[in-house]
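This briefing sets out what can be read from the model shown below, grouped by topic. Please keep the sequence and the coordinates at hand while reading.

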Amino acid sequence: MNRKLIIDGNAVYEIDENCMLKKRLDQQEHSDDRRKEKQEKKSAKETE
């Protein structure tokens, strides 16, 4: 696994890079879906 340690003063964080990548891709997919839904609603209103 790809992991990264972040040391910030007295705090230490361990970041799982694979997990962060998956989370970022899921969020991007979700935002793309929302953008597509908005476009579909807009085009449906224009055809009325």
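Read along the sequence, the protein follows the pattern β-β-α, and its secondary structure accordingly comes to one helix and two strands. The model is a predicted one, with an average pLDDT of 89 and with 96% of the residues scoring at least 70. None of the residues are classed as buried, the share of buried residues being 0% of the 48 residues in the protein.

**Overall architecture and confidence**

- Strand 1 covers residues 3-8 and strand 2 covers residues 11-16, while helix 1 takes in residues 17-47.
- Along its principal axes, the C-alpha trace of the protein spans about 60 × 25 × 5 Å.
- Within helix 1, where histidine 30 has its place, a sense of scale along the chain comes from the C-alpha atoms of histidine 30 and alanine 44, which are 14 residues apart in sequence and separated by 21 Å.
- Confidence is lowest in helix 1, where the mean pLDDT is 88, and highest in strand 2, where the mean reaches 95.
- As a general caution, predicted coordinates should not be read in detail where pLDDT is low.

**Surface and exposure**

- The accessible surface of the protein comes to about 5,000 Å², and carbon and sulfur atoms account for 49% of that area.
- Histidine 30 is partly exposed, since its relative accessible area of 49% falls between the 20% limit for buried residues and the 50% limit for exposed ones.
- Leu5, Ile7 and Val12 together form a nonpolar patch on the surface, with about 340 Å² of accessible area between them.
- Leucine 5, one of the members of this nonpolar patch, is found in strand 1 and is exposed, with a relative accessible area of 59%.

**Salt bridges**

- The structure holds four salt bridges, and three of them are described here, beginning with the pair formed by glutamate 14 and arginine 3, whose closest N and O atoms are 3.2 Å apart.
- Because glutamate 14 lies in strand 2 and arginine 3 in strand 1, this pair ties together parts of the chain that are 11 residues apart in sequence; arginine 3 itself counts as partly exposed, at 45% relative accessibility.
- Lysine 4 forms a salt bridge with glutamate 17, the closest N and O atoms being 3.4 Å apart.
- Since lysine 4 belongs to strand 1 and glutamate 17 to helix 1, the pair ties together parts that are 13 residues apart in sequence.
- Both partners of this bridge are partly exposed, with a relative accessible area of 41% for lysine 4 and of 32% for glutamate 17.
- The side chains of lysine 22 and aspartate 26 also meet in a salt bridge, with an N to O distance of 3.1 Å.
- Lysine 22 and aspartate 26 are separated by about one helical turn, because they are four residues apart in helix 1.
- In this pair, lysine 22 is exposed, with a relative accessible area of 52%, whereas aspartate 26 counts as partly exposed, at 40% relative accessibility.

**Charge distribution**

- The protein has 12 positive and 12 negative side chains, and the centres of these two sets lie 3 Å apart.
- A positive patch on the surface is formed by Arg34, Lys38, Lys41 and Lys45.
- Lysine 45, one of the residues in the positive patch, lies in helix 1 and counts as exposed, at 66% relative accessibility.
- A patch of negative charge gathers Glu29, Asp33, Glu37 and Glu40 on the surface.
- Glutamate 40, one of the residues in the negative patch, likewise lies in helix 1 and is partly exposed, with a relative accessible area of 47%.

Definitions and conventions:
Residues numbered from 1 in each chain as written. Predicted model: local features only at pLDDT ≥ 70, side-chain atom pairs only at ≥ 80, totals over all residues. Heavy atoms only, no water. Buried < 20%, exposed > 50% of the residue type's maximum accessible area, 1.4 Å probe, protein only. pLDDT = per-residue confidence, 0-100. Patch = residues over 30% accessible without salt bridge, like charges linked within 9 Å, V, L, I, M, F, W, Y side chains within 5 Å. Areas by Shrake-Rupley, 256 points an atom, 1.4 Å probe, with all protein chains shown as cover. Lys, Arg positive; Asp, Glu negative; His and termini not counted. Charge placed at Lys NZ, Arg CZ, Asp CG, Glu CD.
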